Amino acid sequence: METTLTTIDNTIQLLGRPQLPRQTAAKLALMIVALVVVGWTSPSNLCAAELRAGAAKVDIADKDAGPVSDPPYVKALVITDGTTTAVIATVDAVAIGEIGSIRNDYLAKVRTQLQKDLGIVPANVLINASHCHAKVCADIEDRTVQAVKAAFQKLEPVTVGAGRGLENRIMENRRLKLKNGREADVRHAYSMPPDAEVAEVGPVDPEIGILRLDRKNGHPLAIVYNFAMHPIQGVPSGGNTADVTGFASQVIEDSFGEGTVALFLQGCGGDINPVQYKAVNHPRDAEPLGNLLGLSTMKAAKKIHPSDKAEFRVINETLQLPRADLAERIAAQQAQQLTLLQSLKGTSLNLKTFMPLVVNGHLSESFPSYYSHRYLHDRKLGRTDFDRLDAENRAHVEAYLKNIYVMEELTRLQTNLNLLQKHQAQNIAAGKRTIDVEVAGVRLGDFVLVTFPGELTVRIGLNIKKASPHPFTFVAGYTNGYIYYAPTAEQLLNVGNAQEDSDCILAPEWQALYETKVAELLKKL
């Protein structure tokens with residue numbers, strides 16, 4: 001009798017789709033259970049869940065913020081097996097709260113509305129920010145709900161497949177290991193260290209994680225792809241743009257056509273820049289990079305053969321992480337700042353006299369001050385006036401350059417010191433030494449995803465993938481909130497010389513705690 005009641009309940013859930021009234025579903029369920037009682041079929045056959053999904057997108061460009069090059073979108077994928085319903089939404093924005101124009105209450109408001117209107121459990125709503133710097137509309141909450149509702153109304157049976165692609169031409173690790181043991185990073189906020197001081201660079205993750213959901217006719221309903229890179233290249237016009245990943249998604253959608261929706265999940269891109277991010281000799285243009293990423297994703301997605309047998313699980317847990325006490329690091333930065341300031345020396349030159357001396361010295365190292373014949377003439381007469389002048393000028397140039405390098409280092413130090421002081425104030429104002437974060441895990445067939453609400457650096461993702469028991473494991477940072485950068489414990493020893501280790505509220509112990517929690521989630525998935 002207990003088995004029969006369970007079968008009735010499960011069958012009602014499976015039949016209770018939005019277009020089928022619950023009373024009708026209940027009658028059908030009772031008829032089917034009668035077949036079970038007389039032995040014509042079995043509960044296991046009746047309760048095999050059919051996976052259904054729907055996808056939609058809504059333009060979220062702020063039309064009052066200037067010209068739009070290519071519009072940012074909120075995109076939603078709704079997945080259900082009749083028992084569990086989940087949402088994977090992607091937003092072409094810098095973050096889910098805290099920075100940018102999306103407010104801190106955005107996630108809670110969207111979840112509350114979706115639970116009220118669609119009955120979706122808040123913990124099963126995952127929203128990822130691409131981290132592009134697009135300007136989004138003020139009613140972003142309403143448009144997110146609109147996208148999810150549109151996807152929900154389009155639910156249809158799907159098959160599911162996982163795969164991976166490769167793209168290594170469009171990004172680079174922005175952290176530079178210097179010969180003095182410190183690390184700097186490549187930003188527009190300050191100048192680069194001299195080439196002669198750079199010893200090596202960090203790794204990248206060229207893997208594209210792909211989830212393909214097909215309609216029953218074999219045509220893709222949605223392509224979800226995960227990749228690690230800051231999409232912050234911009235466009236030559238300076239217009240509002242969804243940047244590299246916006247162009248990549250457009251390539252995928254245009255290629256597959258017939259309403260396919262491409263959803264980009266930002267990975268562990270905290271320390272990954274677009275290539276030639278600081279180029280000054282040609283306009284920065286995200287479109288060629290996006291085209292490469294889109295084509296590589298599409299090429300891999302076409303090799304995936306979806307199946308109608310797919311495990312579907314969603315886990316959402318809270319993890320308590322330690323906040324950093326940045327007082328010692330701030331004091332060390334201030335001491336270094338004073339040392340650098342005191343190292344500045346007076347020089348005979350200013351910018352006006354420095355520039356022609358540098359140019360002439362590079363044009364003719366042996367005869368920088370005049371034509372060669374005058375040097376040769378004086379030397380024949382035993383005079384070395386020009387040689388002495390050149391030696392004096394070289395010394396002045398060298399002294400001026402030393403001051404320039406010190407000033408460039410001071411700009412890096414001051415920018416990162418400001419970040420340390422900001423986060424120290426935040427951590428003190430929090431009133432506790434820990435912060436609670438959401439860590440979610442999703443399994444859909446062979447595709448396994450774990451999340452984090454901060455800017456994970458690439459080594460974190462590489463570690464998790466290597467240790468995972470699932471061959472198609474991918475990591476999405478920037479999901480369900482924003483807590484700034486999350487660099488490795490080793491990177492946090494860099495004492496504020498790069499953005500990732502300065503723009504961070506976490507203590508070094510966070511990494512082990514997070515990777516341990518992820519390992520637990522992966523076992524459950």
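A residue counts as buried when its relative accessible area is under 20%. Lys465, at 19%, therefore makes it into the buried group. Keep that cut-off in mind as you look around this predicted model. A search of the whole structure turns up 31 salt bridges, and there are 11 aromatic pairs as well. Here's a quick tour of some of them, plus a few other spots to find.

**Salt bridges across the chain**

- Side chains of opposite charge can pair when their charged atoms come close.
- Lys465 and Asp205 do just that, with their side chains meeting in a salt bridge at 2.6 Å, N to O.
- Lys465 belongs to helix α12 (residues 458–467), while Asp205 is in the loop between β10 (198–201) and β11 (207–215), so this bridge ties together parts that are 260 residues apart in sequence.
- Asp205 is buried too, with a relative accessibility of 8%.
- Arg175 has a salt bridge with Glu500, and their closest N and O atoms are 2.8 Å apart.
- That pair also links distant parts of the chain: Arg175 is in strand β8 (residues 175–178) and Glu500 is in helix α13 (residues 499–502), 325 residues apart.
- Arg175 and Glu500 are both buried.

**Another bridge, and a network**

- Arg383 bridges to Asp378, and here the closest N and O atoms are 3.3 Å apart.
- The two ends have different surroundings: Arg383 is partly exposed at 35% relative accessibility, but Asp378 is buried at 3%.
- Salt bridges with shared partners also build one network out of Arg174, Arg175, Lys177, Glu183, Arg329, Glu500 and Asp501.

**Aromatic rings**

- A pair of aromatic rings is described by the distance of the centres and the angle of the planes.
- Among the 11 aromatic pairs is the one between Phe367 and Tyr375, with ring centres 5.2 Å apart and planes at 65°, so it counts as edge-to-face.
- Tyr375 is buried, at 1% relative accessibility, whereas Phe367 is partly exposed, at 24%.
- Both belong to a cluster linked by ring pairs, made up of Phe367, Tyr370, Tyr371, Tyr375 and Phe386.

**Charges over rings**

- Look for Lys57, whose charged end sits over the ring of Tyr73, 4.6 Å from the ring's centre.
- Lys302 does something similar with Phe256: its charged end sits over that ring, 6.0 Å from the centre.

**Loops worth a look**

- Most residues other than glycine have a negative phi, and most peptide bonds are trans.
- Glu98 has a positive phi, near 75°.
- You'll find Glu98 in the loop between β4 (85–91) and α4 (106–118), and at 36% relative accessibility it is partly exposed.
- Gln276 has a positive phi as well, near 50°, and its loop runs between β15 (272–274) and α7 (286–301).
- Gln276 is also one of the contacts of Gln233, along with others including Asp243, Tyr277, Arg284 and Leu289.
- Gln233 itself is in the loop between β12 (220–227) and β13 (240–241), and it is buried, with a relative accessible area of 5%.

**A nonpolar patch on the surface**

- Leu341, Leu344 and Met407 make a nonpolar surface patch of about 250 Å².
- Leu341 comes from helix α8 (residues 327–343) and is partly exposed, with a relative accessible area of 46%.

Methods: Residues are numbered from 1 along each chain as its sequence is written. This is a predicted model: local features need pLDDT of at least 70, side-chain atom pairs count only at pLDDT 80 or more; totals for chains, interfaces and linings use all residues. Side-chain values use heavy atoms; hydrogens and water are left out. Helices (H or I, at least four residues) and strands (E, at least two) are DSSP runs, numbered from the N terminus. Buried means under 20% relative accessible area, exposed over 50%, partly exposed in between (1.4 Å probe, protein chains only). Contact means heavy atoms within 4.5 Å. Patches are made of residues with over 30% relative accessible area and no salt bridge: like charges are joined within 9 Å, nonpolar side chains (Val, Leu, Ile, Met, Phe, Trp, Tyr) within 5 Å. Accessible areas come from the Shrake-Rupley method with a 1.4 Å probe; for residues, only the protein chains shown count as cover. A salt bridge is a side-chain nitrogen of Lys or Arg within 4 Å of a carboxyl oxygen of Asp or Glu. Rings of Phe, Tyr and Trp (its six-membered ring) pair if their centres lie within 6.5 Å; planes under 30 degrees apart count as stacked, over 60 as edge-to-face and the rest as tilted. A charge sits over a ring if NZ of Lys or CZ of Arg is within 6 Å of the ring centre and within 35 degrees of the ring normal. Lists of a residue's contacts leave out its neighbours within four places in sequence.
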